[in-house]
Amino acid sequence: MRRAVCPGSFDPVTNGHLDIIGRASRLFDEVIVGVLINQSKQGLFTVEERIDMLHEVTASYDNVRVESFRGLLVDFCRAQQASVLIKGLRAVSDFDYELQMAQMNIGLAGVETLFMPTNPLYSFISSSLIKDVAKWGGDISAHVPDLVREQLTTRLRP
């Protein structure tokens, strides 16, 4: 079985994330969306909330499942019996960082990294930018699923 991991914090999930997950689901038998538990960072949404949102917005993909993890990504990959990581790249600056990570991951555990260029429609979107725009009342409806827009509106409403 060809199994891949699509990791991230997904705080919150955006249409850019979903584009990468959907495209990966056509290439692999199973895609595991790995939600990083980073105890040194306080997210806007809890890990459980992010997992719930991801379950809902990926429900149309029969071969996608959502799991959380902490620690080294390569250890999570081993536990999931996945030998490939999927990483979306928005710009050259993403590549510089992700290449270093990919080289470390192949050296640590033999886990390959597949870089997918982001659809140009989503090349400027980041979870941080979405949260900032939503905080100030901007329209994010073209950049996130409706469920996420509603959750952000509720969470950020004064």
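**Salt bridges and a negative surface patch**

In this predicted model, Glu30 forms a salt bridge with Arg3, in which the closest N and O atoms are 2.6 Å apart. Because Glu30 belongs to strand E2 (residues 30-36) and Arg3 to strand E1 (residues 3-8), the pair ties together parts that lie 27 residues apart in sequence. Both Glu30 and Arg3 are buried; for Glu30, this assignment follows from a relative accessibility of 15%, since buried means under 20% relative accessible area.

The side chain of Glu30 also meets that of Arg65 in a salt bridge (2.6 Å, N to O), and this pair links distant parts of the chain, with Glu30 in strand E2 and Arg65 in strand E3 (residues 64-69), 35 residues apart. Arg65, at 25% relative accessibility, counts as partly exposed. Arg3, Glu30, Arg65 and Glu67 are linked in a network of salt bridges, and a search of the whole structure finds 12 salt bridges.

Among helical residues, the side chains of Glu49 and Arg155 meet in a salt bridge (2.6 Å, N to O). Since Glu49 lies in helix H2 and Arg155 in helix H6 (residues 146-156), the pair ties together parts that are 106 residues apart in sequence. Glu49 is partly exposed, with a relative accessible area of 25%, and Arg155 is likewise partly exposed, with a relative accessible area of 34%.

Helix H2 (residues 47-57) also contributes three residues, the largest share, to a negative patch, which is formed on the surface by Glu48, Asp52, Glu56 and Glu150. Of these residues, Asp52 has its place in helix H2.

Notes. Residues are numbered from 1 along each chain as its sequence is written. This is a predicted model: local features need pLDDT of at least 70, side-chain atom pairs count only at pLDDT 80 or more; totals for chains, interfaces and linings use all residues. Side-chain values use heavy atoms; hydrogens and water are left out. Patches are made of residues with over 30% relative accessible area and no salt bridge: like charges are joined within 9 Å, nonpolar side chains (Val, Leu, Ile, Met, Phe, Trp, Tyr) within 5 Å. Accessible areas come from the Shrake-Rupley method with a 1.4 Å probe; for residues, only the protein chains shown count as cover. A salt bridge is a side-chain nitrogen of Lys or Arg within 4 Å of a carboxyl oxygen of Asp or Glu. Lys and Arg count as positive and Asp and Glu as negative; His and the chain ends are not counted. The place of a charge is taken as NZ of Lys, CZ of Arg, CG of Asp or CD of Glu. Helices (H or I, at least four residues) and strands (E, at least two) are DSSP runs, numbered from the N terminus. Buried means under 20% relative accessible area, exposed over 50%, partly exposed in between (1.4 Å probe, protein chains only).
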